[in-house]
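This report is a first walk through one protein structure. It takes up the interior, the strands, one helix, the cysteines and the aromatic rings in turn.

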Amino acid sequence: MAYFFEEPSHTFGEYLLVPGYTPADCTPDKVSLRTPVVRYNKKAGETCPLMMNIPMVSAVMQAVSDDKLAIALAKEGGISFIYGSQSIEDQAAMVARVKSYKAGFVTSDSNVRPDATLKEVVALTEKTGHSTVAVTEDGTAHGKLAGIITSRDFRISHCPEDAKVKDYMTPLSDMVTGKDGITLSEANELIWANKINQLPVVDKDGNLLSIVFRKDYSTHEAHPLELLDSQRRYIVGAGINTRDYAERVPALIKAGCDVFVLDSSEGFSEWQARALHYIHDNFGDQVKVGAGNVVDAEGFNFLAENGADFVKIGIGGGSICITREQKGIGRGQATATIEVAKARDEYYKKTGIYVPICSDGGVVHDYHITLALAMGADFVMQGRYFARFDESPTNKLVVNGNYVKEYWGEGSNRARNWQRYDLGGSKNLSFEEGVDSYVPYAGHLHDGVTMTCNKVIHTMCNCGALSIPELQEKAKITLVSSTTIQEGSAHDVVVKNTQISSFN
């Protein structure tokens, strides 16, 4: 006879946190959001080899996690898992771009030859939105530097459109440059000492390597939580599948990937166990691989015992996911997180090994992140949240007079990521388990993540907690009725501003 759970499963929206005692020293500036990402022997006094400074990672999705978003999120202290539904070469190239990125050192994306026309410069600046154009002998980002031309050097209304760049640019002989190997602080000293707006960095042969901008100094200072490896490169993750891991993983390791996750709609399978054992047996325990997704204690224990470095929770809770509708499988995200967290704690008591858990999906409002953490999650994975920002790889459009960004599921007909829904059958997507949609545009990732983390921090103070483990120990959580949920929103008034985002 089938097993029946006695209690219904619940979502985050059905719970609230009850405030606890807040002592005088429990203030927002003292709260830490640092959290472990991968397994470690906590009982033996080991420290986790990979920590995040905020409990947020971006989803393994075409519409969310590419190298641009990975860099932006690492600046804030989180990790992006670059999507695996692309060729091995393309995914490895994205990882390599993140690892080669040097904060403050920008590879020029606006470049022309000296014999280009001012009309071409104008067209280029309109395309890129950048007013500084590097002039190199071959017109490439790393060609031999000849000069710089900016919007200050000419006015197109007063100059012939077919005039040559070389006649208006600031030539190399009049420029201050930095040499290969210069540090960011040294570059900024040169910028301020010479009262210039940008400093090209060149190699010994005069080839352009990068440009340091005056305006980026304050930007660098604004990211005190940036997540760096031992070589001061940004941390980045990658999604892999249970089909081509033998070829994909070594290529991603070579590119510099810091952590992997087996991206699957349902992870309680022999395929994931095989992949975990193969990767650890062939590449060593230093290669960290998360697994999932699961929604109960049995699924967690299976993956933990087979070597998962973290376990991902959630089936069917994503905003673009229709797995529950199509297949009738899944579980309320809150209930799944609570049960898996209990299993994680029991596994730790039994083995001394702490296996972090990631709540993936079901987050509609910022406070749902705090609830997920209080219920035992070490961090959350989000797709829709990050798809809204400038840094996501999708197009920004105007729909019905409002700015939106495209967002589609990996199980949609657009993505056709059959590997994520693979059950060992034929190599195709039998039916859709995701939709193609839009999300409201939300500006820069830095602004959004800062606001979200501030909300989490302030709520933790309401609970008297200065860290995530302390929140999990002290939190008091109550199940609420539908009437209570209605009471918690604006009611019985006419709201002036109705343009309120789900993430406010």
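A nonpolar core is a set of buried Ala, Val, Leu, Ile, Met, Phe, Trp, Tyr and Cys residues joined through side-chain atoms within 4.5 Å. The model discussed here is a predicted one.

**The nonpolar cores**

In soluble globular proteins, nonpolar side chains tend to be buried together. The largest core of this kind in the model counts 106 residues. Those with the most contacts inside this core are M56, I79, F81, F260, F300, F310 and F386. Helix α13 supplies the largest share of the core, with seven residues. A second core lies apart from this one and has 14 residues, including A146, I149, F154 and V165.

I79 shows what surrounds one of the residues with the most contacts in the largest core. Setting aside neighbours within four places in sequence, I79 is in contact with V37, L50, M52, M56, V57, S58, L73, L227, I235, V236, G237 and V259.

**Helix α13**

Helix α13 covers residues 445-462, and T452 is found in it. T459 lies in helix α13 too. How do these two threonines stand with respect to solvent? T452 has a relative accessibility of 2%, so it counts as buried. T459 has a relative accessible area of 22% and is partly exposed.

Their contacts can be listed in turn, leaving out residues up to four places away in sequence. T452 touches M56, D366, I369 and Y385, and M56 is among the residues with the most contacts inside the largest core. T459 is in contact with L17 and T370. The C-alpha atoms of T459 and L371 are 9.7 Å apart, although 88 residues separate the two along the chain.

**Strand β1 and its partner**

L17, touched by T459, belongs to strand β1, which spans residues 15-18. The side chains of β1 alternate: Y15 and L17 point to one face and are buried, whereas L16 and V18 point to the other face and are not buried. Strand β24, residues 476-479, runs antiparallel to β1 and is joined to it by four bridges. In this pairing, I477 of β24 stands opposite L17.

**An open sheet of four strands**

Strands β7, β8, β9 and β10 form an open sheet in that order, with mixed pairing. Which strands stand at its edges? The edges are β7 (111-112) and β10 (170-171); each has a single partner strand, so one side of each is left without a neighbour in the sheet. β7 runs parallel to β8 (residues 132-136), and two bridges join them. Within this pair, V112 stands opposite V135 in β8.

**Cysteines**

How many disulfides does the structure hold? The count is zero. C463 gives one case to look at: the closest cysteine sulfur, in C26, lies 9.0 Å from the sulfur of C463, which is too far for a bond. C463 has a relative accessibility of 5% and therefore counts as buried. C159 is buried as well, with a relative accessible area of 15%.

**Aromatic rings**

A pair of aromatic rings is described by the distance of the centres and the angle of the planes. The whole structure contains 14 aromatic pairs. Two of them are set out below.

| Pair | Distance of centres | Angle of planes | Geometry |
|---|---|---|---|
| Y3 and F5 | 5.0 Å | 90° | edge-to-face |
| Y403 and Y441 | 6.2 Å | 65° | edge-to-face |

In the pair of Y3 and F5, Y3 is exposed, with a relative accessible area of 66%, and F5 is partly exposed at 46% relative accessibility. R331 also lies over the face of F5, at 4.4 Å from the ring centre.

The pair of Y403 and Y441 links distant parts of the chain, 38 residues apart. Y403 belongs to strand β22 (residues 402-408), while Y441 sits in the loop between β23 (436-440) and α13. Y441 is partly exposed, with a relative accessible area of 25%.

Ring pairs also join Y40, Y348 and Y354 into a cluster. Over the face of Y354 lies K42, at 4.8 Å from the ring centre.

Conventions. Residues numbered from 1 in each chain as written. Predicted model: local features only at pLDDT ≥ 70, side-chain atom pairs only at ≥ 80, totals over all residues. Heavy atoms only, no water. Buried < 20%, exposed > 50% of the residue type's maximum accessible area, 1.4 Å probe, protein only. Pairing = 2+ DSSP bridges. Contact = heavy atoms within 4.5 Å. Disulfide = S-S within 2.5 Å. Phe/Tyr/Trp six-rings, centres within 6.5 Å; stacked < 30°, edge-to-face > 60°. Lys NZ or Arg CZ within 6 Å of the ring centre and 35° of its normal.
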